[in-house]
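Student: I have a model open and would like to learn how to read it. Could you take me through it feature by feature?

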Amino acid sequence: MNDAPTKAPNVSLTKLFGVFLYIGATSFGGGVVAYLQEHLVIRQHWLDDDHFLAALEIGQTVPGLISTNVSVIVGNRLRGVAGSIAAVAGMTLPGAIIVFILGLLYTRFKSDPEVAAVLNGVGAAAVGLILAVTVQFGRREISKWHDLVILIPAFVLVGIFHISLVPVLVVLAPIAIQLNRPDRKELAAYHAQQAAYHAQLAGHHEEVAARHSAADASAGTPS
Amino acid sequence: MNKLVNLVNVFALLSILAVGGGTAVLPQMKHDVVVTHRWLGAEQFTDIYSLGQLSPGPNMNMVTVIGYHVAGIPGAILVLLAFYLPSCTLVFAVGKFWDHFEGSPWRDSVQRGMAPITIGLMASGVYAIGRTATINLERSIHFNAITVAITLTVTAVLLIRHVNPALLILVGGAVGWFALRMA
């Protein structure tokens with residue numbers, strides 16, 4: 001096993017499904033991303049840190065659960081579409097079956113005051129957990145005052161006034177991206193770099209075409 | 001039949017609206033399920049959310065319990081598919097051309113711009129569940145004092161040091177069993 005696999009290693013679909021099934025069955029208490037990193041990067045060496053962070057970056061930006069999004073991307077990298085399906089199925093099935101059974105027990109025992117008391121305690125603790133995650137994420141990502149111009153309306157519109165997410169995102173997302181638009185220097189540098197790349201590409205194509213016509217001419221009879 | 005169609009519509013839309021993870025769609029999920037369709041009461045919704053915290057894997061697997069309550073086994077299966085398929089398909093497609101924008105300053109802008117929206121929505125998710133699970137005006141002051149204490153203790157512990165959250169969830173359940181039975 002080399003230290004920095006640049007090509008995806010050969011992994012059978014069964015093995016892929018098995019590892020994700022194991023993660024899906026053991027990742028208690030949220031924070032599934034840490035479990036994914038532990039198994040995929042450290043134990044199995046299927047990805048290096050850079051590839052994992054790249055998958056995480058996409059998983060966080062695109063809508064959907066971060067854990068299933070990362071599973072889709074990693075599964076696809078290892079085994080294509082079938083890999084994605086195996087990864088997501090392995091990730092979600094154990095928890096879905098367990099919570100389904102808990103749901104059946106809940107229907108049967110919800111009027112029991114002891115069961116209700118345990119669930120009330122779990123619920124209060126769960127709020128503490130998602131509050132901590134929100135605070136941690138906020139501390140890491142919020143640095144400028146103008147972020148609050150977006151954050152507060154998002155909270156008030158959705159949390160207090162129950163406005164549907166569709167109009168809220170349609171209005172807020174473009175404003176938020178515009179507020180964080182790249183400065184002119186960054187854009188100019190990027191465009192110059194792109195132009196140079198395309199020029200190089202065009203030059204390469206011309207060179208190849210010239211070489212081909214030269215070869216045709218020397219062969220005498222174009223096919 | 002009608003119920004199944006409604007279930008699929010609600011959860012498929014939530015799937016592609018889950019900006020930055022599942023917590024972001026909790027407020028709308030609760031509103032759709034409790035107020036718009038009256039499938040469950042607010043307390044039942046919160047209880048089912050708590051069940052999700054007790055099981056491994058993505059913490060939104062509990063949507064399958066909502067599906068079961070509304071339309072039995074077909075509801076449970078359809079809701080699971082409706083909640084995972086759209087966003088998984090979307091991320092699969094985006095993953096294909098993501099590298100194409102490598103180095104584009106706009107990719108960075110999208111990420112920096114979406115962060116405050118995500119955090120605002122996560123905060124409203126905390127509020128949506130906390131309004132029933134942590135502060136519940138239909139309960140006694142004593143009851144509320146205990147649930148508030150559980151919530152704030154868990155938050156403080158997690159912010160101060162790295163503890164497996166599953167352990168704190170179990171401790172919360174134990175404290176609830178001990179202190180909330182009579183409260």
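Student: Let's start with α1(B). Which of its residues are buried?

Tutor: Burial here is a neighbour count: a residue is buried if 20 or more other C-beta atoms lie within 10 Å of its own, exposed if 12 or fewer, and partly exposed in between, with C-beta atoms placed from the backbone. In α1(B), the buried ones are B:L7, B:V10, B:F11, B:L14, B:S15 and B:L17. Keep in mind that this is a predicted model, where local features need pLDDT of at least 70, side-chain atom pairs count only at pLDDT 80 or more, and totals for chains, interfaces and linings use all residues. Residues are numbered from 1 along each chain as its sequence is written, while chains are lettered from A and ligands numbered from 1 in the order in which they are written.

Student: What covers those buried residues of α1(B)?

Tutor: Both chains take part: the cover includes α7 of chain A, along with α2 (26–36) and α4 (63–98) of chain B. As for the labels, helices (H or I, at least four residues) and strands (E, at least two) are DSSP runs, numbered from the N terminus.

Student: How many Å should helix α1 of chain B span?

Tutor: The rule is 1.5 Å times one less than the number of residues. For the 16 residues of α1 (residues 2–17) of chain B that gives 22 Å, and the end C-alpha atoms sit 23 Å apart, so the two agree.

Student: Now B:V79. Where is it, and is it buried or exposed?

Tutor: B:V79 is in helix α4 of chain B. It counts as buried because 26 other C-beta atoms lie within 10 Å.

Student: Which residues does B:V79 touch?

Tutor: Contact means that two C-beta atoms, placed from the backbone, lie within 7 Å. Setting aside residues up to four places away in sequence, B:V79 touches B:L7, B:F11, B:V63, B:T64, B:I66 and B:G67. You've met B:L7 and B:F11 already, among the buried residues of α1(B). B:V79 and B:L7 are 72 residues apart in sequence, yet 6.4 Å apart in space, C-alpha to C-alpha.

Student: Which residues touch the most other members of the largest nonpolar core?

Tutor: A nonpolar core is a set of buried Ala, Val, Leu, Ile, Met, Phe, Trp, Tyr and Cys residues joined through C-beta atoms within 7 Å. The largest one has 107 residues, and A:A125, A:A126, A:L129, A:A154 and B:V79 touch the most other members. The helix giving the most to this core is α4(A), with 15 residues.

Student: How many residues of each chain are in contact across the A and B sides?

Tutor: In general, the size of an interface is often given as the accessible area lost when the parts come together. Here we count residues instead: 86 of chain A are in contact with 94 of chain B. On the chain A side, α5(A) brings the largest share, 24 residues. By class, that side has 51 nonpolar, 29 polar and six charged residues. The classes work like this: Ala, Val, Leu, Ile, Met, Phe, Trp, Tyr, Cys and Pro count as nonpolar, Asp, Glu, Lys and Arg as charged, and the others, Gly among them, as polar.

Student: What about backbone oddities? Which phi does B:R38 have?

Tutor: B:R38 has a positive phi of about 50°, though it is not a glycine. It lies in the loop between α2 and α3 (42–53) of chain B, and it counts as exposed because it has 8 C-beta neighbours inside 10 Å. On chain A, A:H45 also isn't a glycine and has a positive phi of about 55°. That residue is in the loop between α2 (32–43) and α3 of chain A, and with 13 other C-beta atoms within 10 Å it is partly exposed.

Student: Zooming out, how many helices and strands does chain B have?

Tutor: Seven helices and zero strands. Buried residues make up 52% of the 183 residues in chain B. Its domains, whose bounds come from an automatic or database domain assignment, are domain 1 (2–133) and domain 2 (140–183). Their centres, taken over C-alpha atoms, are 25 Å apart.

Student: And what is the mean pLDDT of chain B?

Tutor: pLDDT is the predictor's confidence in each residue, from 0 to 100. Where it is low, the predicted coordinates should not be read in detail. For chain B the mean is 93, and 100% of its residues reach 70 or more. The model as a whole scores ipTM 0.93 and pTM 0.86.
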